[in-house]
Amino acid sequence: MEKSVSLSDCHVKKKNLITNRFHFFIHGISLIALLHYRITSLITTTTTTRAPHVLILISELILSFIWLLSQASYWRPVVTRTVYPERLPGGEKLPGIDVFVCTADPSKEPVLQVMNTVISAVAMDYPPDKLHVYLSDDGGSHVTFRAVKRAWIFAEMWVPFCRKYRVENPCPEAYFSSGEESAAFGSSEFLADKNNMEKRYEEFKNSVAKIVEETSAYMSRDHPSLVEVISDSNGDRKLPLLVYVAREKRPSHPHNFKAGAINVLLRISGMISNSPYILVLDCDFYCNDRSSARQAMCFHLDSNLSEKIAFVQFPQTFHNISDTDIYDGKLRYIWPKFEGLNGLRGPFLSGTCFYIKREALYGTRKFHDDVDLHRVKKYFGSSDEFFKSIFRNYKPSYSNDKKFLDNSLQKELHLLASCSYDNDTKWGKEVGFRYFTVVEDYFTGLNLHCEGWTSVYYEPSRPCFLGASPISLGELLVQHTRWNVGLSQVALSRFSPMIYGTMRMSVFQSMCYAEIAYSPLYFLALYILALVPQICLLQGIPLYPEISNPYFLVFLFVVLSSQARHLQDVFSTGHKIQAWSNEHRIWMMKSLTCYFYATLDVIMEKFGLKNNSFVPTNKVVDEEQAKRYRMGVYDFQAPAMFMVPLCTLYIVNVASFVVGIGKIILGGGNSNEMVVQACIPLFVAVLNFPLLEGMVSRKDKGRVSSFVSLISVLIAAVVLSFAFLV
């Protein structure tokens with residue numbers, strides 16, 4: 001038999017592998033020495049000063065624990081993955097792909113932006129009869145429904161233009177605003193067609209704006225299901241199928257957020273196109289490269305990978321990141337970890353920009369040929385027609401000689417989109433995207449890896465997808481709080497990766513999942529380090545070895561080693577030292593706010609004091625915020641619940657440094673013993689200097705509000721008074 005041609009290959013980053021493992025052993029030994037000092041010093045401390053030493057030990061144990069978990073993703077980094085789309089079979093042999101675009105609230109997710117994502121998906125370089133696009137409108141908005149019909153009319157002109165001139169960027173807004181040209185640039189025919197297409201796009205934008213103006217953008221939480229094929233045609237289709245889906249939602253039924261919406265799309269698409277592979281996109285992530293489907297198929301169809309691979313994850317890249325990236329919007333620290341995960345069982349699911357295998361979501365491998373009908377219905381629900389589609393070998397559930405939505409099919413689709421269909425089934429538990437947490441992507445990926453599936457992270461030279469990152473501190477903190485609520489839900493449950501994961505997959509893979517799930521614990525370590533050394537500095541209580549003590553070198557090495565490693569990661573990914581400071585600053589802010597509130601939220605939920613909720617990130621651009629962001633100026637108009645802790649702790653650190661260093665200079669303290677404690681508030685004050693500017697010197701709208709500043713000063717005064725009086 002002729003050996004099959006490989007469609008992809010990868011190479012291990014051997015130099016980084018050696019460096020990573022060397023750093024692991026050296027830094028690990030230093031941490032053991034540090035913890036040895038801390039534990040033995042507890043014996044010699046007096047009873048009155050033992051409490052702060054214990055607290056510092058707790059913070060160091062937390063930081064050491066999360067550092068240890070993080071090393072699994074560095075153990076075997078895979079740097080180069082190459083694909084060979086030219087080796088793929090011809091169009092008629094390519095498998096079908098269903099594209100799921102998810103939106104929920106037109107008041108927070110601009111309708112034009114959503115339509116651009118839909119149009120870019122329709123225009124992908126893939127056989128039109130093998131490509132099907134589904135728009136999930138979870139708010140059941142009339143605005144979105146009317147706009148998608150207009151988008152289809154424009155797509156009928158736009159897609160042929162992209163094919164004719166081999167336009168790489170299929171998103172019209174991005175194409176016309178960026179000035180990107182095709183291979184045919186310069187020809188009179190191309191210029192004429194481009195000018196005409198730009199006029200048509202302006203007309204489309206105006207029509208969408210008119211729809212938004214005329215129609216209520218109300219996001220309904222109580223509406224019946226609606227499934228409509230926008231591009232219903234028979235025979236050979238020139239454009240992919242486009243389907244609008246609004247699932248039924250009732251206040252009395254849990255809707256399970258994004259996971260519930262995707263599972264409805266799974267069932268609806270199974271009844272219509274039934275493609276074996278699915279691309280999931282958030283509504284603000286448009287296709288930036290028409291060839292992404294062919295690139296993903298190089299992994300899914302590779303004979304060496306296809307049997308076990310569940311999904312191919314592309315990086316989340318953002319088109320609106322400023323040069324300074326003050327909010328760490330690139331998420332730079334995540335993607336090198338995904339390279340390391342490529343050396344294990346593969347990366348996590350990351351919310352959007354992934355091609356996933358339908359079979360992996362259905363979990364049909366657990367069924368044998370002699371399928372028990374009762375058991376299947378217990379898994380997949382009461383629809384006989386949907387049950388047939390599952391075992392139809394991914395053939396479409398319609399024929400070209402009949403309408404897609406006849407009465408019987410329409411009835412079946414409404415059943416599958418009903419709010420009660422999941423009841424008493426395995427949907428959200430063992431079938432489809434999992435419901436347990438608001439981070440359905442992370443949790444679903446965890447379950448798939450535990451079931452034996454693998455995944456691939458692929459980062460091509462040209463980003464295949466581009467999205468929008470939050471450009472205000474408030475939106476950033478809200479978004480990360482939501483994410484960390486979900487992660488804390490997993491960490492504080494029976495699905496905790498170090499327990500649930502280690503019994504089902506490798507220890508290293510479990511450690512990678514655990515690092516993400518336990519990251520909210522940073523809040524406790526940072527609150528201790530932001531308060532205890534500072535209070536002890538004011539009271540003259542030393543918590544660290546004096547400069548002449550050999551253990552001082554251990555503490556110094558641990559700090560320098562960790563920062564040098566961070567700098568190496570920053571420089572190796574092509575970034576400057578400013579990225580290092582921005583990442584530190586945002587990490588501190590998230591730890592003291594997002595991680596704290598997320599953990600508190602989950603604990604309250606455990607005691608029945610709070611219900612789970614989901615708030616979409618606001619993607620509407622405020623021009624003043626955007627201008628400040630481009631200038632590298634922080635927007636501190638975030639909710640007071642975030643700003644008050646940040647400002648309070650900053651004031652405490654500045655005050656403790658000024659008073660503490662004054663006592664040392666004036667001879668009121670032992671400089672050898674207190675030097676490290678003086679360095680901690682100094683580092684906090686210097687790194688977070690933008691907060692001081694926001695409270696004191698700035699006069700623009702993005703400054704820290706007077707109310708937040710006043711409350712923060714009062715709370716800081718109470719903390720400092722406690723330090724002086726106790």
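Phe 314 and Tyr 355 are both buried in this predicted model. Their rings have centres 6.0 Å apart and planes at 65°, so the pair is edge-to-face. The contact joins distant parts of the chain, 41 residues apart: Phe 314 lies in the loop between strand 9 (309-313) and strand 10, while Tyr 355 belongs to strand 11 (residues 354-357).

**Aromatic pairs**

In total, the structure holds 54 aromatic pairs. A pair of aromatic rings is described by the distance of the centres and the angle of the planes. Phe 161 and Phe 190 offer an example in another geometry: with ring centres 6.2 Å apart and planes at 15°, the pair is stacked. Phe 161 is part of helix 4 and Phe 190 is part of helix 6 (residues 188-214), so this pair ties together parts that are 29 residues apart in sequence. Both of these phenylalanines, Phe 161 and Phe 190, are buried. They also belong to a cluster linked by ring pairs, whose members are Phe 154, Trp 158, Phe 161, Tyr 165, Tyr 175, Phe 176, Phe 190, Tyr 201 and Phe 204.

Aromatic rings also meet charged groups. The charged end of Arg 504 sits over the ring of Tyr 500, at 3.8 Å from its centre. Likewise, the charged end of Arg 565 is placed over the ring of Tyr 74, 4.2 Å from its centre.

**Nonpolar cores**

In soluble globular proteins, nonpolar side chains tend to be buried together. Here the largest nonpolar core has 133 residues, and those with the most contacts inside it are Val 99, Trp 158, Tyr 355, Phe 465 and Met 643. Helix 4 (residues 142-165) gives the most to this core, contributing 13 residues. Leaving aside residues up to four places away in sequence, Val 99 touches Ala 121, Met 124, Leu 131, His 132, Val 133, Tyr 134, Leu 279 and Leu 281. A second, separate core of 43 residues includes Tyr 134, Ile 278, Ala 310 and Ala 360.

**A three-stranded sheet**

Strands of a sheet pair through backbone hydrogen bonds, either parallel or antiparallel. One open sheet is formed by three strands in the order 8-13-10, with mixed pairing. Strand 8 (286-287) and strand 10 (317-318) stand at the edges with a single partner strand each, so one side of each is left without a neighbour in the sheet. Strand 8 pairs with strand 13 (residues 465-467) in the antiparallel sense over two bridges. Within this arrangement, Cys 287 stands opposite Phe 465 of strand 13. Phe 465 is also among the residues with the most contacts inside the largest nonpolar core.

**Cysteines**

A disulfide is a covalent bond between the sulfur atoms of two cysteines. The count of disulfides in this model is zero. The closest cysteine sulfur to that of Cys 647 is in Cys 594, 15 Å away and too far for a bond, since a disulfide requires sulfur atoms within 2.5 Å. Cys 679 is likewise in no disulfide, and the nearest cysteine sulfur, that of Cys 536, is 16 Å away. The surroundings of Cys 647 and Cys 679 are compared with those of two other residues in the table below.

| Residue | Relative accessible area | Class |
|---|---|---|
| Cys 647 | 0% | buried |
| Cys 679 | 43% | partly exposed |
| Lys 194 | 11% | buried |
| Gly 501 | 0% | buried |

**Selected residues and a covered helix**

Where in the fold does Lys 194 have its place? Lys 194 is found in helix 6. Its relative accessible area of 11% falls under the 20% limit, so Lys 194 counts as buried. From C-alpha to C-alpha, Lys 194 and Ala 655 are 62 Å apart in space, and they are 461 residues apart in sequence.

Gly 501 is located in helix 16 (residues 497-501). Gly 501 and Cys 450 are 51 residues apart in sequence, yet their C-alpha atoms are 6.4 Å apart in space. The contacts of Gly 501 are Cys 450, Ser 496 and Ser 510, not counting residues up to four places away in sequence.

Helix 8 (residues 292-300) is mostly covered, with eight of its nine residues buried. The buried residues of helix 8 are Ser 292, Ala 293, Gln 295, Ala 296, Met 297, Cys 298, Phe 299 and His 300.

Notes: Residues are numbered from 1 along each chain as its sequence is written. This is a predicted model: local features need pLDDT of at least 70, side-chain atom pairs count only at pLDDT 80 or more; totals for chains, interfaces and linings use all residues. Side-chain values use heavy atoms; hydrogens and water are left out. Two strands pair if DSSP finds at least two bridges between them. Helices (H or I, at least four residues) and strands (E, at least two) are DSSP runs, numbered from the N terminus. A nonpolar core is a set of buried Ala, Val, Leu, Ile, Met, Phe, Trp, Tyr and Cys residues joined through side-chain atoms within 4.5 Å. Buried means under 20% relative accessible area, exposed over 50%, partly exposed in between (1.4 Å probe, protein chains only). Contact means heavy atoms within 4.5 Å. Rings of Phe, Tyr and Trp (its six-membered ring) pair if their centres lie within 6.5 Å; planes under 30 degrees apart count as stacked, over 60 as edge-to-face and the rest as tilted. A charge sits over a ring if NZ of Lys or CZ of Arg is within 6 Å of the ring centre and within 35 degrees of the ring normal.
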